[in-house]
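Q: Please take a close look at one strand of this model and the hairpins on either side, then at the charged contacts in the structure. Keep the account plain.

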Amino acid sequence: QVQLVESGGGLVQPGGSLRLSCAASGSIFSNYDMGWYRQAPGKQRELVTTITTYSRSYYKDSVKGRFTISRDNANNTVYLQMVSLEPEDTAVYYCTAGWRGRWPPHDYWGQGTQVTVSS
């Protein structure tokens, strides 16, 4: 079992930046691929980005060049750095984990953190 706790969400103006963190516990973090999903009001949940145990990353087209996922295996944490935020990025962001090689990672989910981009 893996427990995931997100933090770092909030209200930011368009063009601003936020960094989300996801602290993992309960198992060997380096064995898991990690990801971020988001769900906007009235919309389906969507995959935003993933990072494998080898730090190979994937990004949804609309966030390429603006979002960066990274992982710190020593501290069991995955990060999502978001810059040039747009109102369309407003959503609840969920951290996920999945056993390595089972893409996209979605076996374990955090509780979510709200990101609101608004002036």
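A: **Strand β5 and the salt bridges**

In this predicted model, strand β5 spans residues 46-51 and is mostly covered, with five of its six residues buried.

β5 runs antiparallel to β4, and five bridges join the two strands. Within this pairing, tyrosine 37 has leucine 47 of β5 as its bridge partner. The hairpin of β4 and β5 has six residues between the strands, and glycine 42 there takes a positive phi near 75 degrees.

β5 also pairs with β6, again in the antiparallel sense, over three bridges. Here isoleucine 51 is matched with serine 57 in β6 as its bridge partner. Five residues lie between β5 and β6 in their hairpin, and serine 55 in the turn has a positive phi of about 65 degrees.

In a regular strand, side chains alternate between the two faces of the sheet.

Next, the charged contacts. The structure holds seven salt bridges. One of them is formed by the side chains of arginine 38 and aspartate 89, at 3.0 Å from N to O. Arginine 38 belongs to strand β4 (residues 32-39), while aspartate 89 sits in the loop between β8 (77-82) and β9 (91-99), so this pair ties together parts that are 51 residues apart in sequence. Both arginine 38 and aspartate 89 are buried.

A salt bridge also connects the side chains of arginine 66 and glutamate 86, with an N to O distance of 3.8 Å. This pair links distant parts of the chain, 20 residues apart: arginine 66 is in the loop between β6 (57-59) and β7 (67-72), and glutamate 86 is in the loop between β8 and β9. Arginine 66 has a relative accessible area of 10% and is therefore buried. Glutamate 86 has a relative accessibility of 33%, so glutamate 86 counts as partly exposed. Through salt bridges that share partners, Arg38, Glu46, Lys60, Arg66, Glu86 and Asp89 are joined into one network. Glu46 in that network carries the number at which strand β5 (residues 46-51) begins.

Another salt bridge brings together the side chains of lysine 64 and aspartate 61, at 3.0 Å from N to O. Lysine 64 is partly exposed, because its relative accessible area is 49%, and the cut-off for exposed is over 50%. Aspartate 61 has a relative accessible area of 63% and is therefore exposed.

Terms used. Residues numbered from 1 in each chain as written. Predicted model: local features only at pLDDT ≥ 70, side-chain atom pairs only at ≥ 80, totals over all residues. Heavy atoms only, no water. Salt bridge = Lys/Arg side-chain N within 4 Å of Asp/Glu carboxyl O. Helix = DSSP H or I, 4+ residues; strand = E, 2+ residues; numbered from the N terminus. Buried < 20%, exposed > 50% of the residue type's maximum accessible area, 1.4 Å probe, protein only. Pairing = 2+ DSSP bridges.
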